[in-house]
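Trainee: I should like to understand how two chains meet and how a sheet is arranged. May we examine a structure together?

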Amino acid sequence: MQAAILLFPGINRERDMILAVRQSFGREPAIVWHKDTELPAGTDLVILPGGFSFGDYLRCGAMAAQSPIMRAVKAHAERGGYVLGVCNGFQIITEAGLLPGALLRNAGLRFLSMDTMLKVERADTVFTSKWDKGAVFRAPMAHGDGNYTADEATLDRLEGENLVAFRYADQNRNGSARRIAGIFSPNLRVLGLMPHPENLVDPLMGGIDGKPLFDSLAAA
Amino acid sequence: MKAIVTIMLKNGVLDPQGKAIGHALNNLGFDQVGEVRMGKIIELELTETDAAKAKTQAEDMARKLLANTVIESFKVEIAA
């Protein structure tokens with residue numbers, strides 16, 4: 001699995017993502033600047049890390065979604081390539097239309113910086129194969145706009161087609177519709193989620209709860 | 001020509017900022033305040049001189065970038 005990590009101005013979680021990828025994949029990810037127009041040849045997985053791209057101006061992820069590299073990312077996704085968006089990366093891929101819905105301001109208005117518990121809704125995907133279905137794991141959150149929303153028909157479709165990847169298993173602190181923390185695209189090759197599995201991939205970080213995400217991808 | 005784009009969260013979409021402003025107004029003694037909704041206004045200076053065309057252009061911009069129509073609605077007004 002060859003990964004490319006996208007870098008937009010204001011992104012600040014790319015080093016965490018590099019560590020997680022390096023450890024599980026056993027090879028270095030490419031770093032791709034937002035002004036580039038092509039992904040490196042042989043890219044299997046595009047990762048959009050967390051942060052505050054373009055200062056969250058207008059709406060979180062709205063500016064980054066219009067960056068030159070995103071045209072290549074959309075083409076990659078249309079070819080069936082893998083895409084992982086975490087936190088601001090999730091916001092960017094919803095703004096870009098790669099996943100449905102939007103992330104609103106947290107229901108309680110506070111920026112949430114704490115651990116949460118996530119339930120794995122399905123284990124038969126390239127992103128989640130190293131977990132058991134129904135497993136609950138710990139993941140750090142760090143966001144002000146993580147309140148997942150979509151119209152009722154879209155939410156029903158996500159549930160009906162089994163495209164919810166993770167749900168908040170303890171408290172639904174940001175107010176997300178149906179406790180949704182992460183969703184898949186219909187072909188199960190695009191995953192977006194708000195919490196940060198990449199921040200728990202080494203005992204030195206306080207746990208390895210998030211490592212199965214990267215180990216799953218490495219085994220794909 | 002100036003286009004004024006007003007963007008609001010759609011009806012039914014939770015507006016926690018509006019709620020917080022409403023609470024603060026109530027706390028200040030403005031008991032007459034019911035629901036509060038917060039949005040944003042974007043002013044665009046356009047080279048177009050035809051008002052109808054300017055409106056169409058601004059609406060196109062609103063759909064593509066200024067508003068996220070999953071959660072927001074918008075209205076464009078043309079000021080001379």
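Trainee: How many residues does the contact take from chain B and from chain A?
Mentor: This is a predicted model, in which local features need pLDDT of at least 70, side-chain atom pairs count only at pLDDT 80 or more, and totals for interfaces use all residues. Residues are numbered from 1 along each chain, chains are lettered from A, and hydrogens and water are left out of side-chain values. With contact meaning heavy atoms within 4.5 Å, chain A gives 14 residues and chain B gives 16.

Trainee: Which residue of chain A forms a salt bridge with B:Glu72?
Mentor: A salt bridge is a side-chain nitrogen of Lys or Arg within 4 Å of a carboxyl oxygen of Asp or Glu. The rule finds 1 across this interface. Its closest N and O atoms are 3.6 Å apart, and the partner of B:Glu72 is A:Arg59.

Trainee: Which strands stand at the edges of the open sheet in chain A?
Mentor: Strands are DSSP runs (E, at least two residues), and two of them pair if DSSP finds at least two bridges between them. The sheet has 9 strands in the order S2-S1-S3-S4-S11-S10-S9-S6-S7, with mixed pairing. One side of each edge strand is left without a neighbour in the sheet because each has a single partner strand; these are S2 (30-33) and S7 (136-143) of chain A.

Trainee: In S3(A), what is the bridge partner of A:Ala4?
Mentor: Strand S1 (residues 3-7) and strand S3 (residues 45-48) of chain A pair in the parallel sense over 3 bridges. In S3(A), the partner of A:Ala4 is A:Val46.

Technical notes. Helix = DSSP H or I, 4+ residues; strand = E, 2+ residues; numbered from the N terminus.
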